[in-house]
Amino acid sequence: QSDLNRSNQRYGFHRREMDEIVKHLRMHPAIVCWIPYNEGWGQPDEPKTLETGRWFTRTDKTRLVNLTSGWRRYEDGYYFQDKLDEKLVRPYDKMVTDILDEHRYPGPLIPKPNPGRPVICGEFGGVGSALDGHCTSPMPRYYKYLPVDDQAWRKRCRDGYRGFTDKVIDIAREGASGSIYTEDIDQFWEYGGCVTFDRAVERLERSFLRACHEEILSAAAAAAASTK
């Protein structure tokens, strides 16, 4: 609650910064979507959050808006990550967001499919290992990534990713428009990447990943074709 209060108090400053960022980067060709809020960080209350979405769609009509990546999605009645059953019936409002985005670990999981806009799983995953000599700190925050001193980690990573592949295929058949595995490369104390932080070890080989992804794309194409 204290974070929410601080975000409300700083909302004017936040909007001024957003205005400067959008104007400065308006012509940048690599930006295809604005994401104002990620997992509730710095996110204000419902009226201010929804007004942020409307402001973005008024200010830049050339790009998509993913208003709340993760949770506290006021725009479709999903307030907090752990309360999936608390749904409110709200009309589709493109002036608020173009995308509904769920984060779920290990996941993946998507919001309830909406005919007016794509639904995605913007983060999922959690298969990893803290390999000796390839960590950024001698005392890392391991989360669920345990240090290992044998080759068991490679099979565990492959088996875990294979399981995720099957689940991604499931959500593709349910109507998912996309999913993002977190993450491709280790990030400081997070050791769930396909490649270690120093780029020295591939936990998941490219040939293995390619085979999994081709299976996902094939299933997604078949699911899309069946809805036409």
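The side chain of T57 comes to 3.0 Å from the backbone oxygen of R54. This distance, like every value in this report, is computed from a predicted model. T57 belongs to helix α3, which spans residues 46-59. With a relative accessible area of 11%, T57 falls under the 20% limit and is therefore buried.

A second helical residue, A224, is located in helix α5, which covers residues 206-226. A224 has a relative accessible area of 38% and is partly exposed. Between the C-alpha atoms of A224 and G175 the separation is 8.1 Å, although their positions lie 49 residues apart along the chain as a sequence distance.

The two helical residues are set out below.

| Residue | Helix | Relative accessible area | Class |
|---|---|---|---|
| T57 | α3 (residues 46-59) | 11% | buried |
| A224 | α5 (residues 206-226) | 38% | partly exposed |

The remaining description concerns strands. Strand β5 consists of residues 100-103. From this strand L100 and E102 point one way, while D101 and H103 point the other way, and all are buried. β5 pairs with strand β6 (residues 119-125) in the parallel sense, over four bridges. Within this pairing, L100 of β5 is opposite V119 of β6.

Strand β6 is itself mostly covered, since seven of its seven residues are buried. In addition to its pairing with β5, β6 pairs in the parallel sense with strand β9 (residues 178-182), again over four bridges. In β9, Y181 is the bridge partner of F124.

Conventions. Residues numbered from 1 in each chain as written. Predicted model: local features only at pLDDT ≥ 70, side-chain atom pairs only at ≥ 80, totals over all residues. Heavy atoms only, no water. Helix = DSSP H or I, 4+ residues; strand = E, 2+ residues; numbered from the N terminus. Buried < 20%, exposed > 50% of the residue type's maximum accessible area, 1.4 Å probe, protein only. Polar contact = N/O pair within 3.5 Å; in protein donor to acceptor, adjacent residues only side chain to side chain. Pairing = 2+ DSSP bridges.
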